[in-house]
Amino acid sequence: MVHQPPPPPPDGKKDRVKPEARQGLTALAGAGLEFAGVVAILTLLGWWADGKLGTAPWLVISGMAIGLIGGMYKLWRIGKRFFE
C-alpha cells in the first residue's frame, strides 16, 4: 500500500502554523539555544579557571554541572507553560 498525503483543505489554501503555535516553537527553540550557550560558557569558564589555578578537571565539571542544572530549570519553567 502506497502512502498518500492528506487531501488539501476545501478552501484550497495550504495549512499554516497558527501564530500562537509559532510563538511557542520560537520560545522553545530560543530556550534550547540558551541552554546550550549557558552550558558551553560555564564549561569554558571552568576550563580557563582550571588552567589558571591548576585544579583540573574540577572547575570544568563544576561549570558544566551548574550550566546543566540551571539550563534544565529554565527549560522546565518554559515547557511547563505548554503542557498545563
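**Exercise 1. Place Thr43: which residues does Thr43 touch, not counting residues up to four places away in sequence?**

Solution. Thr43 touches Val60, Gly63 and Met64; contact means heavy atoms within 4.5 Å. This is a predicted model: local features need pLDDT of at least 70, side-chain atom pairs count only at pLDDT 80 or more, and totals for chains, interfaces and linings use all residues. Residues are numbered from 1 along each chain as its sequence is written, and side-chain values use heavy atoms, with hydrogens and water left out.

Next, locate Thr43: it is found in helix H1. Helices here are DSSP runs of H or I with at least four residues, and strands are E runs of at least two, numbered from the N terminus.

Then classify it. Thr43 counts as buried because its relative accessibility is 18%. The classes are buried under 20% relative accessible area, exposed over 50%, and partly exposed in between (1.4 Å probe, protein chains only).

Last, check its side chain. A polar atom there lies 2.7 Å from the backbone oxygen of Val39.

**Exercise 2. Check the span of H2: how far apart are its end C-alpha atoms?**

Solution. Take the range: helix H2 covers 58-82. The expected span is 1.5 Å times one less than the number of residues. For the 25 residues of H2 that gives 36 Å, and the end C-alpha atoms are 36 Å apart, so the two agree.

Now list burial. In H2, Val60, Gly63, Gly67, Gly71, Ile78 and Gly79 are buried. Lys74, also placed in helix H2, counts as partly exposed because its relative accessibility is 28%. The C-alpha atoms of Lys74 and Phe35 are separated by 7.8 Å, with their positions 39 residues apart along the chain.

**Exercise 3. Inspect the loop: is the peptide bond from Ala56 to Pro57 cis or trans?**

Solution. Find Pro57 in the loop between H1 and H2. Read omega: it is near 0 degrees, and the bond from Ala56 to Pro57 is cis. Most peptide bonds are trans.

**Exercise 4. Describe the nonpolar surface patch: which residues make it?**

Solution. Leu44, Leu45, Trp47 and Trp48 make a nonpolar surface patch of about 520 Å². Leu45 sits in helix H1, residues 19-53. Leu45 counts as partly exposed because its relative accessibility is 49%.

**Exercise 5. Summarise the chain: how many helices and strands does its secondary structure have?**

Solution. Count 2 helices and 0 strands. Buried residues make up 17% of the 84 residues. Among contacts between residues at least 6 apart in sequence, 57% join residues at least 24 apart.

Technical notes. Patches are made of residues with over 30% relative accessible area and no salt bridge: like charges are joined within 9 Å, nonpolar side chains (Val, Leu, Ile, Met, Phe, Trp, Tyr) within 5 Å. Accessible areas come from the Shrake-Rupley method with a 1.4 Å probe; for residues, only the protein chains shown count as cover. A salt bridge is a side-chain nitrogen of Lys or Arg within 4 Å of a carboxyl oxygen of Asp or Glu. A polar contact is a pair of N or O atoms within 3.5 Å; within protein, one must be able to donate a hydrogen and the other to accept it, and residues adjacent in sequence count only if both atoms are side-chain atoms.
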